[in-house]
Structure formats: structure tokens, C-alpha cells
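Me: I'd like to practise reading a structure feature by feature. Could you take me through one?

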Amino acid sequence: MSGLEPGAVPATSNSRADSDDWIIPDAARLESLAEFAAGAGHEINNPLATIIGRAQQLLKDERDPQRRQMLQSIGAQAYRIRDMIGDTMLFARPPKPELQSIHLSTVTESVLSKLAEQLGQSNCQVVTSIPADLLLRADPVQLSIVISELVRNGRHALQPDGGPIQIRAASDTCGNSRIEVEDHGVGFTETERIHAFDPFFSGRQAGRGLGFGLPKCWQIVRQHGGQIEIKSPPEGPTIVEMLWPSP
């Protein structure tokens with residue numbers, strides 16, 4: 001698939017002739033992983049809260065500079081684990097979407113504004129082709145997370161040289177919108193194709209940041225009644241395509 005041209009009306013996913021080339025999430029497997037992640041996250045959070053609390057308590061009365069530095073390091077690493085657990089729980093038990101009719105272009109512009117410094121440092125330019133009147137039925141915070149994660153993945157794929165990331169969208173005739181995020185960085189290896197939507201898996205050593213980004217996107221898109229798929233041959237480009245309900 002070559003992607004959406006501006007103003008084009010995309011075909012439905014069922015009409016795709018090259019479906020074998022697309023990475024389609026295994027919903028049953030991901031649901032099992034979500035159950036595991038939810039249980040593990042809950043169990044880890046309890047002792048983690050104790051570690052953070054005790055480190056803070058000891059730090060209040062500690063006067064030795066070296067010991068203070070050690071306690072601060074313990075606290076910082078514990079908070080880092082807490083952030084990881086937050087990602088885990090967002091994948092495993094995302095909050096119910098607060099749906100409203102929102103303009104995709106407005107949400108996208110807001111996300112890109114927040115990522116502008118990171119994108120600039122990586123020499124990445126995001127080019128958008130989104131009709132100004134295109135409305136989605138979505139939770140604006142969760143939609144922002146999806147767009148942000150996909151743009152970040154594109155940025156990682158384009159390192160170290162940078163390049164363009166394209167975001168395209170158009171309405172179809174079935175009451176949905178098709179959204180594509182494309183980069184021309186390194187594509188997925190065979191291992192990354194197999195584990196693309198798995199939590200805890202990262203292909204960042206090969207230039208692409210995966211981790212919890214794609215699992216979170218899958219969970220959010222699914223909760224909105226949509227679909228997400230990826231096309232990424234080893235030589236690139238990578239296209240993440242979402243079918244998202246319109247109001």
C-alpha cells in the first residue's frame with residue numbers, strides 16, 4: 001500500500017490486497033499479556049511505595065553528603081521504576097475513554113508542538129495532510145498519547161540522520177477515518193515483526209523505539225472501536241495505519 005493521497009477516500013481494510021505484508025495485532029495474546037502486566041504491576045507497586053517512602057524518610061535526617069547522594073539515587077531509581085509501572089498499567093488497564101467529537105488536526109498540532117524540541121534535535125520534520133474538518137470520536141488525551149508514541153517511534157527509526165515523518169488522514173464511506181503515520185527510517189526485522197505489539201519488547205538497539213509505545217496504542221485504539229496495523233519491510237518505509245470511528 002502506498003499510503004493515502006491528500007483528499008483520497010481509502011478502501012476498507014477488508015479490501016486490502018496485500019494483507020500478508022501487514023503486521024496485525026494478535027488480540028488474544030495481547031489480552032493475556034495485559035492480564036499478566038496488570039498483576040505484576042500491582043504486586044511491584046506495593047514494595048516500591050515502601051522503598052520510596054523509607055528513602056524519603058531517611059533523607060530528611062541524613063547529613064552526610066555521600067549517604068545523601070546514595071539515598072537520592074535510590075529514590076530516583078525507584079521513581080523510574082514507578083514510571084515504568086505506569087506505562088505497564090496504561091497498557092494493561094487503560095482508563096475508559098471520555099469520548100467527544102474532536103478535530104484530528106487540532107490534536108495533532110498540539111502534540112507536535114510539545115514534541116518540537118525533540119524533533120528538532122533529531123532533525124526530523126513532520127509533514128501533515130489532515131483535512132481541517134475531519135472529526136473523530138475520541139478521548140483527546142488518549143488520542144494524543146497514540147499520536148505522540150507513533151511520532152516518537154518514527155523519530156527513533158530515523159536516527160541518526162533524521163528525515164521526514166508524514167501524518168495523513170482521510171474519511172472513508174463507512175463512517176470511519178483512516179490515519180497513517182509513515183517514516184522512511186530502518187524497517188522492522190523479522191523478530192520485530194513478530195514482537196512489534198508485545199509489551200516489554202524494544203527494538204531500540206536497531207534504531208526503533210518500541211517498548212510500550214505500540215502496545216499502548218493498540219489498547220487505546222481498540223477501546224475506541226478502531227484497528228491498528230503496521231507495514232514495515234526491512235528497507236522501510238514503515239506505515240502505521242489506524243482505522244478510527246468518526247462521530
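Reply: Sure, we'll go through a sheet, a helix, a ring pair and a buried glutamate. Keep in mind that this is a predicted model.

Me: Let's begin with the sheet. What is the order of its strands?

Reply: Strands of a sheet pair through backbone hydrogen bonds, either parallel or antiparallel. Here you have an open sheet of six strands in the order 1-7-8-6-5-3, and the pairing is mixed. Strand 1 (22-23) and strand 3 are at the edges with a single partner strand each, so each has one side without a neighbour in the sheet.

Me: And which residues pair up between strand 7 and strand 8?

Reply: Ile230 sits opposite Val240 of strand 8, and Lys231 faces Ile239. Strand 7 (residues 227-231) and strand 8 (residues 238-245) are antiparallel, with five bridges between them. They make a hairpin with six residues in between, and Gly236 in that turn has a positive phi of about 80 degrees.

Me: How many bridges join strand 8 to strand 6?

Reply: Eight, and that pair also runs antiparallel. One of the bridges puts Asn176 against Pro245 of strand 8.

Me: Which way do the side chains of strand 8 point, and are they buried or exposed?

Reply: In a regular strand the side chains alternate between the two faces of the sheet. In strand 8, Thr238, Val240, Met242 and Trp244 point one way, while Ile239, Glu241, Leu243 and Pro245 point the other. All of them are buried, so you can count eight out of eight residues for this strand.

Me: There's a glutamate in that list. Why does Glu241 count as buried, and what does its side chain contact?

Reply: Buried means under 20% relative accessible area, and Glu241 has 4%, so it qualifies. Its side chain makes a polar contact with the side chain of Arg178 at 2.7 Å. For another case, look at Glu192 in helix 5 (residues 190-195). Glu192 is buried at 4% relative accessibility, and its side chain reaches the backbone nitrogen of Thr189 at 3.0 Å.

Me: On to helix 3. How does its span agree with its number of residues?

Reply: At 1.5 Å a residue, the 18 residues of helix 3 (residues 104-121) should span 26 Å, and the end C-alpha atoms are 25 Å apart, which agrees. Don't picture a straight rod, though: helix 3 bends by about 60 degrees at Leu115. After the helix comes Asn123, with a positive phi near 60 degrees.

Me: Which residues of helix 3 are buried?

Reply: An α-helix has 3.6 residues a turn, so residues three or four places apart point the same way. For helix 3 the buried set is Leu104, Ser105, Val107, Thr108, Val111, Leu112, Leu115 and Leu119. Among the elements covering them are strand 2 (100-103), strand 4 (135-138), helix 4 (140-158) and strand 5 (163-171).

Me: Last one: how many aromatic pairs are there?

Reply: With ring centres required to lie within 6.5 Å, the count is one aromatic pair. The ring centres of Phe91 and Trp218 are 6.4 Å apart and the planes meet at 45 degrees, so the pair is tilted. The pair links distant parts of the chain, with Phe91 in helix 2 (residues 65-92) and Trp218 in helix 6 (residues 213-223), 127 residues apart. Both Phe91 and Trp218 are buried.

Definitions and conventions. Residues numbered from 1 in each chain as written. Predicted model: local features only at pLDDT ≥ 70, side-chain atom pairs only at ≥ 80, totals over all residues. Heavy atoms only, no water. Helix = DSSP H or I, 4+ residues; strand = E, 2+ residues; numbered from the N terminus. Expected span 1.5 Å × (residues − 1). Bend = angle between axes of the 7 residues up to and from the residue. Buried < 20%, exposed > 50% of the residue type's maximum accessible area, 1.4 Å probe, protein only. Contact = heavy atoms within 4.5 Å. Phe/Tyr/Trp six-rings, centres within 6.5 Å; stacked < 30°, edge-to-face > 60°. Polar contact = N/O pair within 3.5 Å; in protein donor to acceptor, adjacent residues only side chain to side chain. Pairing = 2+ DSSP bridges.
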